[in-house]
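Welcome! Take a moment to look over the sequence and turn the structure around, and then we can walk through it together.

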Amino acid sequence: PEEVRAARMAHKQAQRKLQQLEVRKHQKRKRTELYSKLQTNAVRYDHGLLSKSSEKGKKPSKKEVLRRLLQKERAGLTLTQEEENLLYTDRPKVVVDNHDDDNNLTMMTKNNKNQDSSRNDDNN
């Protein structure tokens, strides 16, 4: 009877250890699946996108707003149309005219140059 009891105990211990191995194997498989899902859906974590609690309620300056939008775009987040319009505004092109006698550089926008050329045509 003692030998039978010892054999049963050894059998139970072996079964328990095999069951623990199966549970660990299952947990490891689930963990790898979870990590792969997280990696595919992950957004690049950037401290610049987080705001300080001390800044809460304050109106950000235009420079801060633009900096934040640029960081958001670089992080791979999509910008709304309004945010894109703020970030990428159309500016007039600057033309450098260095034909002055004084060798001073004068800067004009394209529209101003066209107006000046039409004035010169009127004078001739």
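Is Ala-75 buried or exposed? Keep that in mind while we get our bearings. What you see is a predicted model, so everything below describes that prediction.

Let's begin with the overall layout. The protein chain contains four helices and two strands. If you follow the sequence from start to end, these elements come in the pattern α-α-α-β-β-α. The chain has 124 residues, and buried residues make up 6% of them. About 12,100 Å² of the protein chain is exposed, with carbon and sulfur atoms supplying 50% of that area. Among the contacts with a separation of 6 or more, 13% are between residues 24 or more positions apart.

Now back to the opening question. Ala-75 has a relative accessible area of 9%. Buried means under 20%, so Ala-75 counts as buried. You can find Ala-75 in the loop between helix H2 (62-74) and helix H3 (81-87). Look also for Leu-49, which is 26 residues away from Ala-75 along the chain. The C-alpha atoms of Ala-75 and Leu-49 are separated by 8.6 Å.

The loop between H2 and H3 also holds Thr-78. Here the answer goes the other way: Thr-78 counts as exposed, because its relative accessibility is 70% and the cut-off for exposed is over 50%. Which residues does Thr-78 touch, leaving aside those up to four places away in sequence? They are Lys-72 and Glu-83.

From the loop, step back into helix H2, where you will find Lys-63. With a relative accessible area of 70%, Lys-63 is exposed. Lys-63 also belongs to a group: together with Lys-52, Arg-67 and Arg-68, Lys-63 forms a patch of positive charge on the surface.

Another kind of surface patch awaits in the opening part of our tour of helices. Helix H1 spans residues 2-41, and Tyr-35 lies in it. Tyr-35 is exposed, since its relative accessible area is 52% and exposed means over 50%. Which residues make a nonpolar surface patch with Tyr-35? Leu-34 and Leu-38 join Tyr-35 there, and the patch covers about 330 Å².

To retrace the route, try finding each stop once more: buried Ala-75, exposed Thr-78, the positive patch that includes Lys-63, and the nonpolar patch that includes Tyr-35.

Notes:
Residues numbered from 1 in each chain as written. Predicted model: local features only at pLDDT ≥ 70, side-chain atom pairs only at ≥ 80, totals over all residues. Heavy atoms only, no water. Patch = residues over 30% accessible without salt bridge, like charges linked within 9 Å, V, L, I, M, F, W, Y side chains within 5 Å. Areas by Shrake-Rupley, 256 points an atom, 1.4 Å probe, with all protein chains shown as cover. Salt bridge = Lys/Arg side-chain N within 4 Å of Asp/Glu carboxyl O. Buried < 20%, exposed > 50% of the residue type's maximum accessible area, 1.4 Å probe, protein only. Contact = heavy atoms within 4.5 Å. Lys, Arg positive; Asp, Glu negative; His and termini not counted. Charge placed at Lys NZ, Arg CZ, Asp CG, Glu CD.
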